[in-house]
Amino acid sequence: MWEYSEKVQEHFFSPRNAGAVEDANATGDVGSLACGDALRLTLKVNPETDVILDAGFQTFGCGSAIASSSALTEIIKGKTLDEALKVTNQEIADYLDGLPPEKMHCSVMGREALQAAIANYRGEEWKDDHEEGALVCKCFAVDSTLIENTIRDNGLTTVEDVVNFTKAGGGCSACHEGIEEVLTKVLAEEGKSFNPAARSVAVAMPAAPAAPAKMTNIQRIRRIETVLESIRPTLQRDHGDVELVDIDGKNVYVNMKGACSGCQMAAVTLEGIQERIIDELGEFVRVLPAQAMPKAERAYG
Amino acid sequence: MTTDTDIQGIYFDNNATTMVDPEVVEAMLPFFTEQFGNPSSMHLFGNKVGFAIKKARGQIQELLGAELDSEIVFTSCGTESDSTAILSALKAQPDRKEIITTVVEHPAVLALCEHLEKDGYKVHYLKVDGKGRLDLDAYREALSDQVAIVSVMWANNETGTLFPVLEMAEMAKAAGVLFHTDAVQAVGKVPIDLKNSAIDMLSLSGHKLHAPKGIGVLYVRRNTRFRPLLRGGHQERGRRAGTENTASIVALGKACEMALEHMSQEQTTVRALRDRLEQGILEAVPYSFVTGDPDNRLPNTANIAFEYIEGEAILLLLNKLGIAASSGSACTSGSLEPSHVMRAMGIPYTAAHGTTRFSLSRYNTMDEVERVIQAVPPIVAQLRKLSPYWGANGPVEEPGKAFAPAYA
Ligand SMILES: Cc1ncc(COP(=O)(O)O)c(C=O)c1O
Ligand code: FES
């Protein structure tokens with residue numbers, strides 16, 4: 001069975017704001033055909049201030065779908081519509097002390113219901129722009145659609161490329177067969193075949209800001225440390241910690257300590273840290289657990 | 001996850017795995033300690049172990065009604081047995097590039113077949129009707145001298161539906177095609193008499209019949225052309241190399257002996273428990289129905305669809321009361337798809353996601369059945385209250401129209 005956090009269980013067993021809001025003036029109905037979950041969100045919005053006075057949900061779905069619906073309604077009550085629209089999936093997941101990677105789509109559905117309800121209130125039409133494929137990489141919760149699109153948009157040809165652009169495959173590597181299959185399929189559409197020995201497209205991350213000014217090694221290490229410093233209080237609140245172990249080219253090795261080490265959210269946390277460092281340095285780095293450090297010196301490349 | 005109650009848990013998930021019978025545990029324990037020898041060794045330590053394995057082979061032979069004990073090949077699990085059978089048939093007949101199987105097989109067969117398709121094999125997936133039954137005419141049409149092997153399960157693990165494997169094996173034999181059956185769910189629950197059948201290969205798995213996990217058998221009829229999956233030492237007459245899992249083999253032998261003793265109990269006592277459970281739940285819960293073929297299925301399995309709610313949520317609430325069952329919902333499988341078996345039978349999404357499987361064993365009691373009958377209706381009601389398809393006292397009018405979400 002899934003390992004649900006106490007918080008998820010609590011919101012599942014005693015959901016908040018279950019049922020439709022009476023005299024609601026906004027309704028959002030969304031569902032995911034693939035997984036069969038469906039959600040109706042009803043809101044009562046103050047027309048003068050745009051503040052959400054009340055929110056209620058009805059969910060046809062699993063434990064985490066129900067828990068994330070419940071969390072969403074708690075988060076958005078009292079917010080203005082514009083504030084509510086800024087709520088991210090990660091915030092919903094964080095509110096619940098994390099969701100298993102297979103279940104992240106449940107928080108996506110909550111946010112989409114919110115967008116749909118607000119569009120409904122404003123008399124706009126809401127179109128779903130989010131397409132979901134089968135989950136390929138469990139470590140980083142990446143699905144096949146995202147991998148396919150990224151391969152197409154960036155002309156990727158190797159598993160290493162996919163790791164660099166999507167993070168999929170950058171953890172335990174068990175999903176590499178699946179990634180090769182996606183590569184084979186997309187390359188075949190372009191009349192090419194997948195070659196396991198091909199060289200990576202050596203380009204920067206697509207999201208990375210324009211060419212960063214050259215930094216000295218010391219400067220670079222300092223900035224990475226600064227990022228870790230800024231994250232530390234959040235981790236410590238959950239009785240965890242992080243420590244910089246080594247930097248080897250684009251690989252940044254860290255030690256997760258306390259409640260974070262071995263916790264199932266460790267991968268997600270590493271992912272978050274990685275994003276922050278990339279933002280700060282303006283270059284692509286890979287944040288890896290210290291256990292992943294190469295044991296002996298190996299020629300790289 | 002822990003449960004709220006201090007009552008003893010109720011285990012209704014015996015198609016997933018079973019408790020090892022205490023007598024079976026007792027039989028296997030000496031093989032970890034004083035009987036640790038390698039059965040292949042020339043000395044006294046090994047010799048006794050060799051005899052114990054021979055005895056176990058005989059016990060399994062008897063349960064399966066096999067003609068010879070040399071037809072029993074020990075493997076590591078049901079999955080290995082399935083893979084060995086199918087890959088052996090392909091290896092032994094390189095000119096035959098087709099396989100016949102069904103859309104409702106266990107992943108142990110389906111995932112392998114899907115993989116073989118990538119290697120250029122053609123796989124015929126026989127379809128099922130709304131009750132999970134096969135169309136034998138379609139089967140007859142698919143049989144040809146291009147087919148290397150037919151692999152059809154004896155009983156379906158989700159619904160318990162039984163397939164006419166004896167008849168299908170005869171048809172395969174008449175067409176000169178090898179026939180394998182995944183009998184992992186059937187062995188120990190229905191009588192089997194292989195010597196009077198046309199079945200060439202059969203898979204079973206220890207942990208479904210009160211033996212430990214990690215031990216399986218592939219029955220290979222004498223004279224069947226066979227190519228091993230694992231080559232190496234001469235164990236299992238060269239058909240499956242690797243030092244024997246002696247303790248588990250002994251345990252499986254004992255479990256098979258006990259299964260044979262209790263066979264009639266499966267058909268009477270266990271069936272009565274299952275029937276009472278099903279009737280009690282269907283009576284108390286509106287908009288619920290049995291999936292599969294109620295007239296032709298394993299005596300221990302009840303698969304009930306609760307409409308408009310989702311299975312994982314049901315399991316979590318049951319678990320809180322100490323009741324263990326399974327679901328065909330997408331969210332319990334780790335994939336995002338509801339059970340391939342429910343989809344193959346054309347069960348609508350709003351019901352497929354709420355299918356719940358209760359699978360019993362001879363260790364369950366009528367008292368447990370009554371407690372589950374009490375527990376289920378309020379759980380279903382509680383979840384329906386949250387469901388957008390459900391109104392005050394029943395499904396909203398035209399559920400498909402009243403709630404038609406924008407789908408991703
Ligand atoms: C029909 C069927 N085949 C094969 C298997 C796999 O058996 P094992 O877990 O021993 O590999 C199972 C058990 O889950 C099953 O139900
Ligand atoms: S599953 Fe993709 S790296 Fe672990």
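How much area does chain A expose, and what share of it do carbon and sulfur atoms supply? In this predicted model, the exposed area of chain A is about 14700 Å², and carbon and sulfur atoms supply 49% of that area. Chain A has 301 residues, of which 49% count as buried. Its secondary structure consists of ten helices and eight strands. Among the contacts in chain A with a separation of 6 or more, 59% are between residues 24 or more positions apart.

An annotated group of cysteines was examined next. According to the UniProt record, an unreviewed entry, the annotation "binding site" covers Cys137(A), Cys139(A), Cys172(A) and Cys175(A). These residues are spread over 39 residues of sequence, yet they cluster in space, with a largest C-alpha distance of 9.3 Å. Cys137(A) belongs to strand β4 of chain A, which covers residues 135-137. Its relative accessible area is 1%, so Cys137(A) counts as buried. With neighbours within four places in sequence left aside, the contacts of Cys137(A) are Val142(A), Ala168(A), Gly169(A) and Cys175(A). Two members of the annotated group, Cys137(A) and Cys175(A), are therefore in contact with each other.

Cys175(A) is placed in a loop of chain A, between α7 (159-166) and α8 (176-189). Cys175(A) is likewise buried, because its relative accessible area of 10% falls under 20%. Apart from residues up to four places away in sequence, Cys175(A) touches Val136(A), Cys137(A) and Gly169(A). Gly169(A) thus appears among the contacts of Cys137(A) and among those of Cys175(A).

The loop between α7 and α8 of chain A also holds Gly171(A). Gly171(A) has a relative accessibility of 40% and is therefore classed as partly exposed. Once residues up to four places away in sequence are excluded, Gly171(A) touches Cys139(A) and Phe140(A). The C-alpha atoms of Gly171(A) and Cys139(A) are 5.9 Å apart, while the two residues are 32 residues apart in sequence. Cys139(A) is one of the residues covered by the UniProt annotation.

Elsewhere in chain A, Arg40(A) is part of strand β2, residues 38-45. Arg40(A) is buried, with 18% relative accessible area; this value is under the 20% limit for that class. The side chains of Arg40(A) and Asp29(A) are joined by a polar contact of 2.9 Å. Beyond neighbours within four places in sequence, Arg40(A) is in contact with residues of chain A, including Thr27(A), Gly28(A), Asp29(A), Gly56(A), Phe57(A) and Gln58(A). The contacts of Arg40(A) also include Pro388(B), Ala402(B) and Phe403(B) of chain B.

Ligand 1 is surrounded by 13 residues, the closest being Thr79(B), Asp182(B), Gln185(B), Ser205(B) and Lys208(B). By class, this shell is made up of three nonpolar, seven polar and three charged residues. Helix α3 of chain B, residues 78-92, contributes the largest share of the shell, three residues. A polar backbone atom of Gly78(B) is 2.8 Å from an oxygen atom of ligand 1. On the side-chain side, a polar atom of Ser205(B) lies 2.6 Å from an oxygen atom of the ligand, and a polar atom of Lys208(B) lies 2.7 Å from an oxygen atom of the ligand. Ligand 1 exposes 390 Å² when taken alone, and 87% of that area is buried by the protein.

Two further residues of chain B were considered. Thr246(B) lies in helix α7 of chain B, residues 246-261, and is buried at a relative accessible area of 10%. Outside its neighbours within four places in sequence, Thr246(B) is in contact with Phe31(B), Pro39(B), Val49(B) and Ile53(B).

Met342(B) is found in helix α11 of chain B, residues 340-344. Its relative accessible area is 0%, and Met342(B) therefore counts as buried. Neighbours within four places in sequence aside, Met342(B) is in contact with Glu158(B), Thr159(B), Thr291(B), Asn303(B), Ile347(B), Ala352(B) and Thr355(B). Met342(B) and Lys131(B) are 211 residues apart along the chain, and 9.7 Å separates their C-alpha atoms.

Notes:
Residues are numbered from 1 along each chain as its sequence is written. Chains are lettered from A and ligands numbered from 1 in the order in which they are written. This is a predicted model: local features need pLDDT of at least 70, side-chain atom pairs count only at pLDDT 80 or more; totals for chains, interfaces and linings use all residues. Side-chain values use heavy atoms; hydrogens and water are left out. A residue is near a molecule or strand if one of its heavy atoms lies within 4 Å of it. A polar contact is a pair of N or O atoms within 3.5 Å; within protein, one must be able to donate a hydrogen and the other to accept it, and residues adjacent in sequence count only if both atoms are side-chain atoms. Accessible areas come from the Shrake-Rupley method with a 1.4 Å probe; for residues, only the protein chains shown count as cover. Helices (H or I, at least four residues) and strands (E, at least two) are DSSP runs, numbered from the N terminus. Ala, Val, Leu, Ile, Met, Phe, Trp, Tyr, Cys and Pro count as nonpolar, Asp, Glu, Lys and Arg as charged, and the others, Gly among them, as polar. UniProt positions are given in the numbering used here, feature names are shortened, and annotations may be inferred rather than shown by experiment. Buried means under 20% relative accessible area, exposed over 50%, partly exposed in between (1.4 Å probe, protein chains only). Contact means heavy atoms within 4.5 Å.
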